[in-house]
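Here are a few short exercises to work through with the structure open. Try each task before you read its solution.

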Amino acid sequence: MLDYFRRHLGAKLFFSYLVIIVLGVTVLFIASQFILPSAFNRHMGMMDGGMMNGMMGSSDSMSQLYVDFRASFNEALLYAALTAILAALALSFLFSRSVVAPVLTMSRATQRIADGRYDERVQAIGEDELSQLATRFNQMAEKLDQIESMRRQLIGDVSHELRTPLTAIKGSMEGLMDGVLPANDETFQQIHAEADRLNRLVDDLQELSRVEAHAYDLDFRSLDASSLVQTVAKRLAPQAQSKRISLDLDLTPDLPPILADEDRAIQILTNLTGNALQYTPEGGQVTISVTRINDEVQFSIHDTGIGIPPEHLSHIFDRFYRVDKSRSRQSGGGSGIGLTIARALVEAHDGRIWVESQGERKGSTFHFTLPVAK
Ligand SMILES: Nc1ncnc2c1ncn2[C@@H]1O[C@H](COP(=O)(O)OP(=O)(O)OP(=O)(O)O)[C@@H](O)[C@H]1O
Ligand SMILES: [Mg+2]
């Protein structure tokens with residue numbers, strides 16, 4: 001019985017009504033025991049002096065009258081208590097239906113979500129706290145649904161990316177064992193290059209998960225944009241020289257300091273400039289320019305390279321997205337994570353990143369902004 005009360009909101013509601021009714025009736029009853037006799041006497045005394053004079057002279061008939069009166073009073077009290085209990089029963093039933101039913105629905109939906117059915121939603125009727133709860137519940141379910149499909153997509157993408165170098169390594173090994181491939185330097189280098197690719201991919205994935213989960217600290221400082229760009233240009237100079245690409249800087253004088261994490265800002269610039277050098281044929285040109293636009297400093301990395309066809313522009317920052325998968329693989333290219341990391345880092349700085357390209361072989365320009373230090 002006690003267990004039933006503990007488990008059911010409706011029963012608890014009824015029980016609390018019952019306690020109030022019992023309390024009320026008890027107080028009324030006790031009060032009547034103490035106050036009623038003297039109040040009755042006083043009123044009767046007043047009547048005695050008035051028009052009732054002579055009608056009830058004896059104290060005997062007075063006390064009989066009092067006994068009758070109290071009996072009828074108690075009877076009325078009993079009926080009132082019974083009616084109140086019935087009303088409490090009906091009210092708690094109605095209330096529990098309107099309160100408990102939505103809670104039960106949500107509880108069942110939660111169970112189904114816990115079982116992995118993320119498309120579960122509940123109906124939000126009205127505007128009270130319960131319907132707000134239902135709306136929030138649906139928002140949470142939606143978010144879980146998104147996360148779950150992202151997770152599935154990620155696992156699919158990652159296994160696909162891992163499979164390519166693994167298949168290549170396995171194929172070469174089998175060729176070696178069967179004697180189809182010669183056991184020479186070239187074969188070993190090929191296998192080594194694939195293993196290297198695998199290694200880089202795993203490193204990139206680790207970095208991406210760290211960046212996307214914001215599992216790193218940003219050390220915001222006031223930085224000089226020009227010296228950042230110069231550092232990156234110096235680091236990438238050998239790569240530019242080896243492809244005979246001229247790497248130029250176009251820095252507006254009197255640039256304000258930016259508010260950024262130095263290592264991360266260098267990482268963004270290196271990713272974008274590295275791409276520009278990678279996707280620009282020999283003899284091309286890469287220019288990094290920096291200007292102030294309102295409260296932001298805008299970095300633009302322009303190249304005269306292979307360009308990006310318009311239909312790819314909106315996907316270019318997506319995870320694992322490459323315009324030409326086979327080409328980027330042949331050219332020792334990456335896995336399509338670099339721009340995703342760059343975007344996450346720019347956004348962590350409250351900046352924006354976007355790309356422009358007139359199309360294939362017409363070069364590309366990547367822009368990003370970082371806030372001016374106040
Ligand atoms: N400057 C550029 N010119 C032309 N295409 C570009 C340029 N930068 C990026 N791309 C295209 O965008 C794709 C994604 O770039 P991203 O840097 O994310 O990956 P990636 O360079 O292929 O590999 P990694 O993860 O090693 O950087 C590239 O594969 C390429 O197709
Ligand atoms: Mg890249």
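**Exercise 1.** Work out whether Phe 15 counts as buried, partly exposed or exposed.

*Solution.* Keep in mind that this is a predicted model. Start with the value: Phe 15 has a relative accessibility of 44%. Now the cut-offs: buried means under 20%, exposed means over 50%, and partly exposed is in between. So Phe 15 counts as partly exposed, because its value is 44%.

**Exercise 2.** Place Phe 15 in its helix, then find the surface patch that includes Phe 15.

*Solution.* Phe 15 belongs to helix α2, which covers residues 9–49. On the surface, Phe 15 joins Val 19, Leu 23 and Val 27 in a nonpolar patch. Together these residues have about 370 Å² of accessible area.

**Exercise 3.** Describe the shell of residues around ligand 1.

*Solution.* Count first: ligand 1 is surrounded by 20 residues. The closest are Asn 275, Asp 303, Ile 337, Gly 338 and Leu 339. Then sort the shell by class, and you get ten nonpolar, seven polar and three charged residues.

**Exercise 4.** Find polar atoms that sit opposite ligand 1, then say how much of ligand 1 the protein covers.

*Solution.* Take the nitrogen side: a nitrogen atom of ligand 1 is 2.8 Å from a polar side-chain atom of Asp 303. Next, oxygen: polar backbone atoms of Ser 335 and Gly 336 each lie 3.1 Å from an oxygen atom of ligand 1. As for cover, ligand 1 on its own has 590 Å² of accessible area, and the protein covers 94% of it. Finally, the elements giving two or more residues to the shell are α7 (262–278), α10 (338–348) and β7 (364–371).

Note on methods
Residues numbered from 1 in each chain as written. Chains lettered and ligands numbered in written order. Predicted model: local features only at pLDDT ≥ 70, side-chain atom pairs only at ≥ 80, totals over all residues. Heavy atoms only, no water. Near = heavy atom within 4 Å. Polar contact = N/O pair within 3.5 Å; in protein donor to acceptor, adjacent residues only side chain to side chain. Areas by Shrake-Rupley, 256 points an atom, 1.4 Å probe, with all protein chains shown as cover. Helix = DSSP H or I, 4+ residues; strand = E, 2+ residues; numbered from the N terminus. Nonpolar A, V, L, I, M, F, W, Y, C, P; charged D, E, K, R; others polar. Patch = residues over 30% accessible without salt bridge, like charges linked within 9 Å, V, L, I, M, F, W, Y side chains within 5 Å. Salt bridge = Lys/Arg side-chain N within 4 Å of Asp/Glu carboxyl O. Buried < 20%, exposed > 50% of the residue type's maximum accessible area, 1.4 Å probe, protein only.
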